[in-house]
Each structure stands twice: as structure tokens, then as C-alpha cells.
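Dear colleague,

I am passing on the structure we spoke about, with some notes on its aromatic side chains. Please look through it alongside the text below.

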Amino acid sequence: MTDTVIHALDERDAHLFDTLPDPLNTREAHRRTRFRTDWKRVALRDGKVVARAAWWGGPDDTTPLTVNWFDVAEGEEKAGAELLRSAPWQVELEMNLPAGWREDPALRTAAETRFSAARAAGYELLVERFLYRWTSDCGLPERPGRLEFRSEPDDAVFFDALRSIHSVTLDAHALRAIREGGIDKAAQEELDFFNWCPSPREWWQIAHTPQGEPVGIHIPARNPSGPCVGFIGVLPEQRGRGYAYDLLAECTHFLVEQGADFVSAATDQGNFPMAANFAKAGYPVVRERLNFDLADAG
């Protein structure tokens with residue numbers, strides 16, 4: 001077998017990225033995603049692409065945030081691993097897969113080839129997530145009308161709420177941040193994400209009962225791909241009353257009132273209560289995402 005050649009793409013040979021078969025229909029999943037050509041790399045053998053990866057970040061980011069597209073030809077796990085290991089950016093890896101991919105033998109084989117390459121490159125699974133896409137065809141979820149929502153200009157109020165929410169959490173990314181630096185780190189990472197989104201700061205809202213008791217927060221947002229549910233969080237002392245659904249319904253209505261004709265969202269598959277709320281609100285699962293961390297990243 002000839003040696004693998006790792007090649008960073010530019011505008012002259014950007015077409016090479018599209019020459020690898022796409023059994024997982026990743027191209028459709030990234031129809032709204034913009035990738036920079038200079039953040040794309042391929043592995044070549046005898047001039048043929050046997051693995052490819054595209055790193056992704058926001059339009060103002062100077063370095064990528066994630067590996068957002070990773071494909072490996074069958075039997076080319078070593079080439080895929082070399083492609084990831086040799087990159088100048090060692091960041092979290094996301095794999096977007098068709099919903100129910102485990103039930104289709106061909107999809108499962110293609111996915112497991114990529115998993116093997118990722119593990120060989122030093123990645124380990126962090127979490128599996130459901131990806132949702134609400135459209136007007138789904139119908140607007142009913143607003144229960146139990147809570148009052150208002151904006152709050154003070155970031156410190158949101159920071160304190162996030163600290164409380166993450167003191168009891170099922171979210172894998174928050175739990176990772178807590179392991180690495182405590183609850184303050186988890187709260188700050190959320191705030192950093194909200195501020196990174198190009199949507200207005202005024203959209204952030206706190207929910208209260210009619211008696212004025214704080215219940216939680218919801219963050220309607222726009223990321224570079226469009227409108228999304230940025231965050232839903234209920235304070236621990238208010239849980240068990242179904243308020244997460246109220247927050248999600250309000251977040252959906254808010255985005256539609258801002259002109260959204262679709263809303264993207266995601267939750268960890270192990271977060272059964274939140275997954276149930278998305279189902280109740282009429283959000284269909286359109287893809288599944290597996291997030292991989294570098295094993296030595298903490």
C-alpha cells in the first residue's frame with residue numbers, strides 16, 4: 001500500500017473535497033453551513049481522496065472551533081486518523097449522522113469506520129445528541145401562559161442563574177467544564193457562547209412566576225446557520241413542574257416573531273426530560289450528532 005499524503009486545500013483544488021462518496025448524506029446535513037476552503041484537508045492515496053475533514057468556526061473566528069465534517073473510505077481508518085492527528089487545530093470532533101443510523105447496516109458500517117479512525121487519532125466519545133429542526137409545518141407549540149418573560153441587561157444575573165442550573169445538570173459539555181474548572185467555568189462557557197452568537201443581546205430572557213419567583217432562562221439565538229434554541233434552563237428549586245416546556249414554547253414563539261421560518265435545536269440523548277419536551281413541542285429529530293473529545297484534553 002502506498003503512503004498517505006495529507007493535503008491542505010485551496011481554491012485551486014477545492015473540488016477534491018467532493019470526490020469522496022457520501023454514504024451518510026453529510027452534504028445535505030451541512031447545506032446551510034459555510035466552510036472555509038483553507039480549513040479543509042484531505043488524505044490522498046495514489047492521487048485519490050480516501051479521507052476528508054472540514055473544520056468550522058464563525059465568520060469572525062481566526063481558528064476553527066470544531067471538526068464539523070469527517071469522512072473516511074472503508075478500510076482507510078489509518079489515513080483518517082493521520083488526517084486528524086496532523087492538523088494544526090486539535091479541537092472537538094462532531095459527526096452528524098442520519099437519524100436511526102444504527103438500524104441501517106450500511107450506515108452503521110460507514111459510521112463505525114469513522115469512529116475507528118477518530119479513536120485511532122486519540123479521540124473518545126463525549127456524548128450522543130439529537131438534532132432537531134422545527135418548521136412552520138410542525139405547528140407552533142402552545143404557550144401554557146404560566147410564566148412571565150422579560151429581558152435582563154445584567155450578565156451577572158444570567159451568570160448566577162447558569163451556576164445554579166449547572167449545579168444539577170445532565171448536559172455532558174457542562175459536566176466536562178465542571179470537571180475541568182468547576183461550575184464557574186461551565187457558566188462562563190455558556191455566556192461566552194451566547195455572546196458569540198450574532199443575535200441581539202436583548203433576546204436573552206428570564207422567566208418568573210406571576211408572584212415574581214425566578215424560574216429559569218431561555219436564550220433565543222441565531223448562529224451562523226440560522227435561528228436556534230440557544231439554551232433552556234430551569235433553576236433546580238423549580239424543577240418537577242414541567243417549566244422546561246414553557247421555556248421552549250416561548251423560545252420558539254419568540255424566534256418566529258423575529259421572522260424565523262425554522263428553528264434548530266439539540267439536546268443530549270441521555271437528557272430524557274428535555275428530549276421529551278422537544279417531542280411535546282413538535283420538534284422532529286432530523287439528525288444525530290456524536291461529539292468526540294481528545295482523550296488528553298481533560
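Does Phe 254 count as buried or exposed? Phe 254 has 10% relative accessibility, and because buried means under 20% relative accessible area, Phe 254 counts as buried. Please keep in mind throughout that this is a predicted model.

Phe 254 belongs to helix α7 (residues 243–257), and its ring partner Trp 203 lies in the loop between α6 (183–196) and β8 (205–208), so the pair ties together parts that are 51 residues apart in sequence. The ring centres of Trp 203 and Phe 254 are 5.6 Å apart and the planes stand at 70°, so this pair is edge-to-face. Trp 203, at 10% relative accessibility, counts as buried.

The structure holds 17 aromatic pairs. Another of them joins Tyr 132 and Phe 278, whose ring centres are 4.3 Å apart with the planes at 20°, so the pair is stacked. Since Tyr 132 sits in strand β6 (residues 123–135) and Phe 278 in helix α8 (residues 272–280), this pair ties together parts that are 146 residues apart in sequence. Both Tyr 132 and Phe 278 are buried.

There is also a cluster in which ring pairs link Trp 56, Phe 158, Phe 193, Phe 194, Trp 196, Trp 204 and Phe 231.

Finally, two lysines are worth finding in the viewer: Lys 40 lies over the face of Phe 17, at 4.6 Å from the ring centre, while Lys 280 lies over the face of Tyr 245, at 4.3 Å from the ring centre.

With best wishes

Terms used: Residues are numbered from 1 along each chain as its sequence is written. This is a predicted model: local features need pLDDT of at least 70, side-chain atom pairs count only at pLDDT 80 or more; totals for chains, interfaces and linings use all residues. Side-chain values use heavy atoms; hydrogens and water are left out. Rings of Phe, Tyr and Trp (its six-membered ring) pair if their centres lie within 6.5 Å; planes under 30 degrees apart count as stacked, over 60 as edge-to-face and the rest as tilted. Helices (H or I, at least four residues) and strands (E, at least two) are DSSP runs, numbered from the N terminus. Buried means under 20% relative accessible area, exposed over 50%, partly exposed in between (1.4 Å probe, protein chains only). A charge sits over a ring if NZ of Lys or CZ of Arg is within 6 Å of the ring centre and within 35 degrees of the ring normal.
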